[in-house]
Amino acid sequence: MIVLRLRSAPWWLGAAALLAACSPPPPAAEPEVRAAAVGDPLPGLTPEELARFEAGKAAFSRVFLQEDGLGPTYNENSCNACHSSPGIGGSGGEEYDIHATFQSDDGTCDLLDAHGGGNVRTQVTAVAAAAGVQPERIPPEANQRGFFTAPPMWGRGLMEAIPDAAIEALADPDDADGDGISGRVGRDSQGRVGRFRRKADVNNLPEVSAGGLLVELGITTPQHPEELVFSVDVIPAGADPTPDPEADQATIDAITDFMRFIAPPPRNMPQDPAEVAQAADGEKAFFEVGCAACHTPILVTGPNAVAALDRKPVPLYSNLLLHDMGAQAGNVCSPVATASEFRTEPLMGVALREVYMHDGKAPTLWEAIAQHGGEGTASVQAFNALPELRRHALVAFLLTL
């Protein structure tokens, strides 16, 4: 994979050239950032950063009890309960979060946050249940619902370190080049470039940490000091005995450190020469059918105070843009994305997933390819037109990522 050093254009625009390629680019000037083993920290961390990574791993794995502030309603009692396959910080299996929204006829999107639509929590602590708190349900106001599996945390610090301008440079919201691909930049509530979550609506990892504790575990934080319980009008006395905020800033910082410093997993490269050749041909097919138009193989981080994150090639296989996946994939809207728009899913580590697509409805990569509609339709048609052996080769290539 190539990292261009150009005088006539910003250095990070080298990755944009990959979109127009019909065959794999030449090797990078610097190697991709990969771990030696799944779940390892980024190579090149200082001893102090490694200590923070280990402390963060412990915080990420911590099981919260009701006396620690869990609930009153919640989905899981640990970050690692969802992000666990094939190890700490990995992806989820067939478990999923439930979201619900209301979209009016004029296209206006109501996230139904005031009614619990942002994340429907299906468990209740024992003390809250005894006080009369019920599990949350999809709000009756909703006319859209969505199911989202838990993504892996691998390489999230590298993703955070990619410059906003590099993401914006890949956008083509009006399809000016006429290729049928019109990726748009996601934004958070403050208008900043979104890169996290399936609707590209979160900008940075501290917000992922604090937001996840609140909506998944019911743990209040300095950023979100008030409980959100939607199955009762008023939280009954005794249902939530732990003073707010229930997690301190040190906990947020530790979880953020773990996500920031966990490396992308190693390539799952075959050893048999025939399989190596098959995967190499599959990589060519990946470009030929247009997969790389959205799944950009390499993006590059910007200058960073952490040397392990400083100007590194990231084997992301995503442009981090919103793309229309077609009505059949649609679920919930957001203020900056329609129901059928999703951020391009990073493919690094895809070989380690248990299920595929945002809702986990694809049990195999073959089925995941078939479920691409909207802007992905032409690529699916091109894939289906390949000889069978080349289709197998493309899937074999994906299984090396």
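In this predicted model, aspartate 188 pairs with arginine 192 in a salt bridge whose closest N and O atoms are 2.7 Å apart. Aspartate 188 is buried, because its relative accessible area of 8% falls under the 20% cut-off. Arginine 192, at 27% relative accessibility, counts as partly exposed. Elsewhere, Arg198, Arg343, Glu345 and Arg353 are joined into one network by salt bridges that share partners.

A search of the whole structure gives 18 salt bridges. Side chains of opposite charge can pair when their charged atoms come close. Three of the pairs are listed here, including the one already described.

| Acidic residue | Basic residue | N to O distance |
|---|---|---|
| Aspartate 188 | Arginine 192 | 2.7 Å |
| Aspartate 257 | Arginine 52 | 2.9 Å |
| Aspartate 68 | Arginine 62 | 3.6 Å |

The salt bridge between aspartate 257 and arginine 52 has an N to O distance of 2.9 Å. Aspartate 257 belongs to helix 6 (residues 249–261) and arginine 52 to helix 1 (residues 47–61), so this pair ties together parts of the chain that lie 205 residues apart in sequence. Aspartate 257 counts as buried at 10% relative accessibility, while arginine 52 is partly exposed with a relative accessible area of 28%. In the pair formed with aspartate 68, arginine 62 is partly exposed, at 34% relative accessibility.

Aspartate 172 is a buried residue that has no salt bridge. The nearest side chain of opposite charge belongs to arginine 184, 11 Å away; a salt bridge would need a nitrogen and a carboxyl oxygen within 4 Å, so this pair does not qualify. Aspartate 172 sits in the loop that runs between helix 4 (164–170) and helix 5 (205–217). The side chain of aspartate 172 reaches the backbone nitrogen of alanine 176 at 2.7 Å. Apart from neighbours within four places in sequence, the contacts of aspartate 172 are Asp177, Asp179, Ile181, Ser182 and Gly183.

The remaining topic is helix packing. Two packed helices are described by the angle between their axes and the distance between the axes. Helix 7 (residues 273–288) and helix 10 (residues 388–398) have axes that come within 7 Å and cross at roughly 100°. Helix 7 is therefore roughly perpendicular to helix 10. On the helix 7 side, the residues that meet helix 10 are Gln278, Ala279, Asp281, Gly282, Glu283, Lys284, Ala285, Phe286 and Glu288. Their counterparts in helix 10 are Arg390, His392, Ala393, Leu394, Ala396, Phe397 and Leu398.

Methods. Residues are numbered from 1 along each chain as its sequence is written. This is a predicted model: local features need pLDDT of at least 70, side-chain atom pairs count only at pLDDT 80 or more; totals for chains, interfaces and linings use all residues. Side-chain values use heavy atoms; hydrogens and water are left out. Helices (H or I, at least four residues) and strands (E, at least two) are DSSP runs, numbered from the N terminus. Buried means under 20% relative accessible area, exposed over 50%, partly exposed in between (1.4 Å probe, protein chains only). Lys and Arg count as positive and Asp and Glu as negative; His and the chain ends are not counted. A polar contact is a pair of N or O atoms within 3.5 Å; within protein, one must be able to donate a hydrogen and the other to accept it, and residues adjacent in sequence count only if both atoms are side-chain atoms. Contact means heavy atoms within 4.5 Å. Axes are lines fitted to C-alpha atoms, for helices over the stretch in contact, and angles run from 0 to 180 degrees between N-to-C directions. Angles under 35 degrees count as roughly parallel, over 145 as roughly antiparallel, 65 to 115 as roughly perpendicular and the rest as oblique.
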